[in-house]
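Welcome, and please take a moment to look over the sequence and the fold before reading on. The report below walks through a few parts of the structure one by one.

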Amino acid sequence: MDTRSLGPTVSALGLGLMGMSDLYGAADEAEGIATIHAALDAGITLLDTGDFYGMGHNEMLLRDALRGRNRDNAVISVKFGALRDAEGGWNGIDVRPVAIKNFLAYTLRRLGTDHVDIYRPARLSPDVPVEEVVGTLAELVEAGHVRHIGLSEVGAETLRRAHAVHPISDLQIEYSLISRDPEAAILPTARELGVGITAYGVLSRGLISGHWQPGRQTKGIDFRNHLPRFAGANLDRNLALVDALRAIAEARGVTVAQIAIAWVLSRGATIVPVIGARTRERLTEALGAATVTLTEADLAAIEAAVPAGAAAGSRYDEAQMAFLDSERA
């Protein structure tokens, strides 16, 4: 697989592990491990997790998947800071220096490693300046426990402030055909500073994968039940966009998911899409996007079918949107 730079050199596609433990309903642990193995065998090196995915389960799943493998062949990216309860509820963000050091200690133990390749707060707190957060992470870099500092969902000015304290390797942000707000200020600022982008939500949590059907019933605890883009008339509008995209994909002989991932890949050599495949079947489909080269005519057709701002509904509910520094850029 081709590689790109996020500070560390990584595969052009990354694998997001969240759904293997949490938030998308019940998951098959054995299939999750098999999917991670298949991704590594296909050349994917970037593995993205969070210490709050399944309240630690996702990190232990990754530990089990890497057992017997060369740890140095994986670039492990970890998010921290989100607080949860025993029922899986959300209790805010904690990015105080003492909390950061505590979170990392638990992460290293769960992962069974002595370092995290990229470590980042999942969200920022208005109570702790980003300079203090990054300063603490810089101490962990100096100690050898963290190799690179990343951020998640911050705006352009916050990114500048953070980068002035210590080089930021990459910014993780939602970026897809129907989530294009970062194009205005965040992506240009990242390019100016030499900060890579890990784009998550490239299929908008399955909404633009081509597999979501009207009336689909989710199973177990699935946070998409609370997302405006999956609700009522918004869903109908968004699936109409997918139908328009499907016509372009079929003309190219590829799937909707592949055309959507290929579009993100086409946005620049410093952007790495993170695919959230939970099964080997979905992984295989996503990997096919790496061989899809979009022509100028393809890009124009895609733009006409799914223009910027065409999606109906915000990407999170109102409470979660309030945590996004990126939305205040």
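Let us begin with helix α8, residues 256–265, which lies across β11 (196–200) and β12 (271–275) and runs at about 155° to β12. Please keep in mind that what you see is a predicted model. One residue to pick out in helix α8 is Q258. Is Q258 buried or exposed? With a relative accessible area of 12%, Q258 is buried, because buried means under 20%. Leaving aside residues up to four places away in sequence, Q258 touches E285, G288 and A289.

Helix α8 also helps to cover another helix. The buried residues of α10 are covered by elements that include α7 (232–252) and α8. Helix α10 spans residues 296–305, and its buried residues are D298, I302 and A305. Seen down the axis of α10, these buried residues fall within an arc of 65°, so they line one face of the helix. The face turned away from that buried side carries the exposed residues E296, A297 and A304.

Now to the strands. Which strands close into a barrel? There are 8 of them, in the order β3-β4-β5-β8-β9-β10-β11-β12, and the pairing is parallel. Neighbouring strands of this sheet are turned by 30° against each other on average, direction ignored.

A good place to look at the pairing is between β3 (residues 14–16) and β4 (residues 46–50), two parallel strands joined by 2 bridges. Across from L47 in β4 stands L15, while G16 stands opposite D48 in β4. Strand β4 itself is mostly covered, with 5 of its 5 residues buried. In a regular strand, side chains alternate between the two faces of the sheet. Both faces of β4 are covered: on one side L46, D48 and G50 are buried, and on the other L47 and T49 are buried.

Further along the barrel order is strand β8, where you will find D117. This residue counts as buried, at 8% relative accessibility. The side chain of D117 makes a polar contact of 2.9 Å with the side chain of R71. A polar atom of the D117 side chain also lies 2.8 Å from the backbone nitrogen of I76. Not counting residues up to four places away in sequence, D117 touches R71, A74, V75, I76, R147 and H148.

The last stop is helix α4, residues 130–143. Its 14 residues reach 20 Å from the first C-alpha to the last, close to the 20 Å expected at 1.5 Å a residue. The buried residues of α4 are V130, V133, V134, T136, L137 and L140. Why do they line one face of the helix? Seen down the axis of α4, they fall within an arc of 155°, so they line one face. An α-helix has 3.6 residues a turn, so residues three or four places apart point the same way. Strands and helices both meet this buried set: it packs against β5 (75–80), α3 (97–111), β8 (116–121), β9 (146–152) and α5 (156–165). After α4 comes G144, whose phi is positive, near 90°.

The two helices whose buried faces were described can be set side by side.

| Helix | Buried residues | Arc of buried residues |
|---|---|---|
| α4 | V130, V133, V134, T136, L137 and L140 | 155° |
| α10 | D298, I302 and A305 | 65° |

Key
Residues numbered from 1 in each chain as written. Predicted model: local features only at pLDDT ≥ 70, side-chain atom pairs only at ≥ 80, totals over all residues. Heavy atoms only, no water. Helix = DSSP H or I, 4+ residues; strand = E, 2+ residues; numbered from the N terminus. Expected span 1.5 Å × (residues − 1). Buried < 20%, exposed > 50% of the residue type's maximum accessible area, 1.4 Å probe, protein only. Arc of directions from axis to C-beta. Contact = heavy atoms within 4.5 Å. Pairing = 2+ DSSP bridges. Axes fitted to C-alpha atoms, helices over the stretch in contact; angles between N-to-C directions. Polar contact = N/O pair within 3.5 Å; in protein donor to acceptor, adjacent residues only side chain to side chain.
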